Amino acid sequence: MIGKLVRINRASIGVPKGTLGLVVRRQEGAVLCKGKGEEDLPAPVIYTVLLCGHKHERRYLVQDLEVMEVVKV
């Protein structure tokens, strides 16, 4: 997903829903360990997005991003 154009599906402070950005980094989050006899939860994937019109990056989970299809004309 690195290098893909994405739309943000979740509003946050300073970043409205629908903002476009470019995925620049992917990292694995920490694994949440449960108690004895229970399964560990899988590590979440966190994407760093360079926001269009802003000079900063934000981190998002995959469910907060929508990959935009680029059409060549």
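How many bridges join strand 2 to strand 3, and in which sense do the two strands run? In this predicted model, seven bridges link strand 2 to strand 3 (residues 45-51), and the two run antiparallel. Within that pairing, R26 sits across from Y47 of strand 3, while L22 has L50 of strand 3 as its bridge partner.

Before following the other pairings, a word on confidence is useful. The chain has a mean pLDDT of 89, with 90% of its residues at 70 or more. Among the secondary-structure elements, strand 4 (residues 57-61) has the lowest confidence, at a mean of 95, and strand 5 (residues 65-67) has the highest, at 97.

The overall architecture is quickly told. There are five strands and zero helices, and reading along the sequence gives the pattern β-β-β-β-β. The radius of gyration is 15 Å, whereas the globule rule gives 11 Å for 73 residues; the value is well over that figure, so the chain is more spread out than a compact globule. Along the principal axes, the C-alpha trace spans about 55 × 30 × 15 Å. Of the contacts with a separation of 6 or more, 43% are between residues 24 or more positions apart.

The remaining pairings can be added on either side of the one described above. Strand 1 (residues 5-8) and strand 2 (residues 20-28) run antiparallel and are joined by three bridges; here V6 stands opposite G21 of strand 2. Strand 3 also pairs with strand 4, again in the antiparallel sense, over five bridges, and I46 faces L61 of strand 4 in this pairing. Strands 3 and 4 form a hairpin with five residues between them, and G53 in the turn has a positive phi of about 85°. Strand 3 thus has bridges to strand 2 and to strand 4.

How does burial follow from this layout? Across the chain, buried residues account for 22% of the 73 residues, and the exposed surface comes to about 5,500 Å², of which carbon and sulfur atoms supply 57%. Strand 3 is mostly covered, with six of its seven residues buried. T48, which lies in strand 3, illustrates this nicely: its relative accessibility is 3%, and because buried means under 20%, T48 counts as buried. Leaving aside residues up to four places away in sequence, T48 touches L22, V23, V24, R25 and Q27, together with E57, R58 and R59.

The largest nonpolar core has 10 residues in all: V6, I8, V15, V23, V45, Y47, V49, L51, Y60 and L65. Strand 1 and strand 3 each supply at least two residues of this core, and strand 3 gives the most, with four. As a general point, side chains in a regular strand alternate between the two faces of the sheet. L65 offers a close view of the core's surroundings: apart from residues up to four places away in sequence, L65 touches M1, V6, R7, I8, N9, Y47, V49 and Y60. Several of these partners are themselves core members, including V6, I8, Y47, V49 and Y60.

Taken together, strand 3 recurs throughout the description: seven bridges join it to strand 2, five bridges pair it with strand 4, and four of its residues belong to the largest nonpolar core.

Key:
Residues numbered from 1 in each chain as written. Predicted model: local features only at pLDDT ≥ 70, side-chain atom pairs only at ≥ 80, totals over all residues. Heavy atoms only, no water. Pairing = 2+ DSSP bridges. pLDDT = per-residue confidence, 0-100. Rg over C-alpha atoms; globule rule 2.2 N^0.38 Å. Buried < 20%, exposed > 50% of the residue type's maximum accessible area, 1.4 Å probe, protein only. Contact = heavy atoms within 4.5 Å. Areas by Shrake-Rupley, 256 points an atom, 1.4 Å probe, with all protein chains shown as cover. Core = buried A, V, L, I, M, F, W, Y, C linked by side-chain atoms within 4.5 Å.
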